[in-house]
Amino acid sequence: MKNAFSRRSVLGAALAGISFLGATAAFAGTTVTVWCWDKEFNGATMKEAGARYAKAHPDVTLNVVDFAKPDMEQKLQAQLASGTTDGLPDIVLIEDYGAQKYLQSFTKAFEPLSDTKAIDYKTFANYKVALATVGDKTYSLPFDSGVSGMFYRSDYLAQAGYKSADLQDITWEKLIEVGKAVEAKTGHKLLDLDLSDQGLLRIMMQSAGIWYFSPDGKPAIAGNAKFKTVLSTYAKVLQSGIYKPVSGWAEYTGTFTSGETAAAITGVWMTATIKANKDQSGKWSIAPVPKVDGVEGAVHASNLGGSSWYVLASSKNKAAAIDFLAQEWGKDADFYQKILVNQGALGSFLAARDGEAYKASDAFFGGEATWQNFSTWLGKIPGVNYGTFTNEADAAVSAQVPALVKGGSVDDAIKAIDAQLKQQMQ
Amino acid sequence: MAQAPNKRKTDLTGWWFTSPALILLSLFLFYPIVSSLWMSLQIGKGMNLSFGGFANIYRLTQDPVFIHALLNTLTFLVVQVPIMITLALLLAVTLNDSKLWGRSFFRTAIFLPCVTSLVAYSVLFKSMFAADGVINSFLQTLHVISSPIPWLADPFWAKIVIILAITWRWTGYNMIFFLAALQNIDPSIYEAARIDGIPAWARFWKITLPALKPVILFTTVTSTIGTLQLFDEVNNIPTLGGPADSTLTLSLYIYYLSFRFMPSFGYAATVSYVIVALVVVLSFLQFLIAREKQTS
């Protein structure tokens with residue numbers, strides 16, 4: 001035939017096309033994409049939830065993408081600002097300090113989960129629900145609490161003559177003493193600090209019941225006696241020399257997991273990173289955070305971080321994502337036991353607290369009833385309003401830290417922080 | 001008379017041929033420039049923008065972080081660009097010697113940093129200059145220092161690390177320009193100078209430098225523009241603007257204003273126009289200086 005396309009070749013092509021179609025149909029199913037940081041912690045809990053959900057819904061697969069936290073936040077903010085929704089995930093993890101910032105800047109980008117009525121918010125800790133609510137809509141599936149403790153190497157501290165009972169009710173000044181003794185007897189510094197990251201200051205502030213902002217969102221830096229006491233305590237730690245300065249998250253976690261430093265005052269979510277070094281089992285212990293001396297109502301309990309899962313309004317698999325969150329994260333108390341033991345994820349799902357794992361003791365931490373301790377401290381955390389400008393406040397403090405390290409005046413630092421923060425907030 | 005319609009046709013054809021490029025340029029270059037100028041007159045957070053007139057310019061004068069970023073950027077400019085141009089010039093003159101062994105190896109080796117990824121080499125520098133990194137170990141082994149230098153934890157040393165990083169990366173690039181220009185100098189001039197008994201140093205000052213003037217102007221202007229826009233290294237080597245914001249540059253501050261803090265896109269656009277203004281002023285000054293020397 002003159003025609004280049006003979007009947008046979010056309011039939012052949014059609015058959016091939018149909019078989020391809022069949023093949024893709026066989027692989028069809030929903031993939032729910034999740035963006036989060038910290039593979040050992042958030043990523044691992046998500047994967048566990050995905051595996052459990054897949055048992056009842058085999059056609060739903062979870063794709064968990066891992067990032068470094070600041071990278072993910074900046075990528076999310078950049079894409080939300082651009083307005084393009086291509087490439088956005090279905091579910092994203094957002095830290096509680098920044099929740100209001102995202103919700104108020106990009107209100108239409110997030111799906112108000114309270115509208116779907118799939119999640120009963122009364123079963124979650126109230127402070128977590130409140131921080132993800134704008135107006136009368138709640139946008140999050142509350143995830144972990146960042147209840148803090150002091151993780152320390154019990155072997156190093158024992159060498160310096162300190163037992164667990166010695167560390168239960170201490171102030172930051174006493175901690176400095178302990179740090180100096182530990183360095184003298186073992187040669188290891190007590191802490192490691194990244195001076196651009198104000199996590200330690202945030203722990204101190206919340207334990208004293210204050211924040212950079214007052215409950216109505218205005219800066220509470222200048223003329224605030226409690227803030228001055230907290231900043232002075234922070235300055236004392238900075239000048240004490242009981243820490244090793246580091247730069248970046250990898251260096252920060254690497255320093256105490258390798259045994260170079262003796263302790264880390266951080267959130268319960270660090271458990272996953274610490275427990276990843278299985279050969280150190282039995283050498284770690286957990287004490288309450290030191291109390292800020294001089295502030296009435298200061299407690300041995302605080303929060304660092306903590307985040308929640310949000311669904312993006314542009315997601316094509318919204319229904320699957322919301323159902324997944326509601327079924328696994330919103331109802332499965334057994335799931336919360338599992339992630340508590342494996343990752344140290346202290347969820348905000350209140351019913352989970354009655355589970356067995358929360359009462360068990362952990363051999364890694366010397367057989368202490370660690371989760372009971374954290375649960376107790378969780379109940380004592382003073383509630384504060386994080387506001388929408390925590391990043392700006394952190395940056396204002398970071399700018400003054402080297403001066404404080406050198407012994408500069410706390411009053412001058414307060415004036416400078418206040419000026420810079422007010423400037424950035426306009 | 002017969003020529004006019006033909007010329008018009010040629011003109012029109014010419015415009016048709018260039019129109020795709022012009023349209024794309026207008027869409028992706030001119031429109032964003034004009035749009036960002038409009039944006040710099042807006043105030044407000046996030047997507048809630050409203051017209052603010054010169055409010056952002058007033059805010060520039062009151063903002064301590066902006067002043068700090070500006071000073072940091074100018075410090076990098078004033079310290080790093082002269083060092084780099086001088087180094088590139090000296091290297092080019094040295095490697096121009098046809099009798100030098102391993103000439104092409106050295107040229108390649110010095111140029112190679114320019115083809116590395118900015119982020120990749122920044123991450124490498126970050127780990128090299130860590131408190132327990134290779135640089136400190138190296139210096140301690142040589143007994144140049146007795147205790148490790150806190151490269152990235154100290155405001156002064158963090159600036160030094162950035163200057164070292166940029167110099168390492170861009171010297172080769174500028175050196176190539178100088179090498180190319182040196183090829184154009186007639187070697188017989190040097191021969192004549194040598195016969196006349198002019199020493200090497202005078203030959204460099206009186207023959208090489210004047211001949212290289214246009215290239216020196218070009219490399220200085222482009223290096224100035226590049227350093228004023230410094231971003232990748234300062235974003236990846238120190239954490240979050242460096243100790244006490246010592247390595248915060250204007251571009252990094254724009255990035256923070258847009259993507260780290262509560263977004264202030266209008267103000268960020270204003271800061272970017274500050275960079276434009278600086279580039280215009282400095283380039284104009286440099287052209288002025290070059291022109292004066294030519295006529296004198």
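This report describes a predicted model with chains A and B, from the domains of chain A to the contact between the chains.

## Domains of chain A

The domain assignment divides chain A into two parts, each built from two stretches of sequence. Domain 1 takes residues 30-145 and 305-355, and domain 2 takes residues 148-303 and 382-425. The centres of the two domains, taken over C-alpha atoms, are 28 Å apart.

Where the domains touch, 19 residues come from domain 1 of chain A and 14 residues from domain 2 of chain A. On the domain 1 side, the elements that give two or more residues are H2 and helix H4 (96-105) of chain A. Of these, H4(A) gives the most, with five residues. By class, this side of domain 1 has eight nonpolar, seven polar and four charged residues.

## A five-stranded sheet and its helices

Chain A contains an open sheet of five strands in the order S2-S1-S3-S12-S6, with mixed pairing. Strand S2 (60-67) and strand S6 (140-142) of chain A form the edges, since each pairs on one side only. On average, and with direction ignored, neighbouring strands of this sheet are turned by 25° against each other.

Strands of a sheet pair through backbone hydrogen bonds, either parallel or antiparallel. Within this sheet, strand S3 (residues 91-95) and strand S12 (residues 307-311) of chain A run antiparallel and are joined by five bridges. One end of S3(A) can be followed through A:Glu95, whose bridge partner in S12(A) is A:Ser307.

Two helices lie across strands S1, S2 and S3 of chain A. H2(A) runs at about 175° to S2(A), whereas helix H3 (residues 69-82) of chain A runs at about 120° to S1(A).

## Packing of helices H2 and H13

Two packed helices are described by the angle between their axes and the distance between the axes. For helix H2 (residues 39-56) and helix H13 (residues 318-329) of chain A, the angle is about 100° and the axes are 10 Å apart. An angle from 65 to 115 degrees counts as roughly perpendicular, and H2(A) and H13(A) are therefore roughly perpendicular to each other.

H2(A) makes this contact through A:Ala49, A:Arg52 and A:Tyr53, while H13(A) contributes A:Phe324, A:Gln327, A:Glu328 and A:Trp329. These residues divide into four nonpolar, one polar and two charged.

## Buried strands of chain A

Strand S7 (residues 148-153) of chain A is largely enclosed by the rest of the structure, because six of its six residues are buried. A residue counts as buried if 20 or more other C-beta atoms lie within 10 Å of its own. In a regular strand the side chains alternate between the two faces of the sheet. In S7(A), A:Ser148, A:Met150 and A:Tyr152 are buried on one side, and A:Gly149, A:Phe151 and A:Arg153 are buried on the other.

S7(A) pairs in the antiparallel sense with two strands of chain A: strand S10 (residues 263-267), over five bridges, and strand S11 (residues 284-287), over four bridges. A:Gly149 has A:Thr266 as its bridge partner in S10(A), and A:Arg153 has A:Trp284 as its bridge partner in S11(A).

Strand S8 (residues 191-194) of chain A is likewise covered on both faces: A:Leu191 and A:Leu193 are buried on one side, and A:Asp192 and A:Asp194 on the other. S8(A) pairs in the parallel sense with strand S9 (residues 243-246) of chain A over four bridges. In S9(A), A:Pro245 is the bridge partner of A:Leu193.

## Contact between the chains

The contact between the chains involves 27 residues of chain B and 29 residues of chain A. On the chain B side, helix H2 (55-62), helix H3 (64-95) and helix H11 (250-259) of chain B each give two or more residues. By class, this side has 17 nonpolar, four polar and six charged residues.

## Two loop residues with positive phi

A:Lys117 is not a glycine, and its phi is positive, near 55°. A:Lys117 lies in the loop between helix H5 (113-116) and helix H6 (126-130) of chain A. A:Lys117 counts as exposed because it has 8 C-beta neighbours inside 10 Å, and the cut-off for exposed is 12 or fewer.

In chain B, B:His143 also is not a glycine and has a positive phi, of about 60°. B:His143 is placed in the loop between helix H6 (134-141) and helix H7 (155-183) of chain B. With 7 other C-beta atoms within 10 Å, B:His143 is exposed.

Key. Residues numbered from 1 in each chain as written. Chains lettered and ligands numbered in written order. Predicted model: local features only at pLDDT ≥ 70, side-chain atom pairs only at ≥ 80, totals over all residues. Pairing = 2+ DSSP bridges. Axes fitted to C-alpha atoms, helices over the stretch in contact; angles between N-to-C directions. Parallel < 35°, antiparallel > 145°, perpendicular 65-115°, else oblique. Contact = placed C-beta atoms within 7 Å. Nonpolar A, V, L, I, M, F, W, Y, C, P; charged D, E, K, R; others polar. Domains from an automatic or database assignment.
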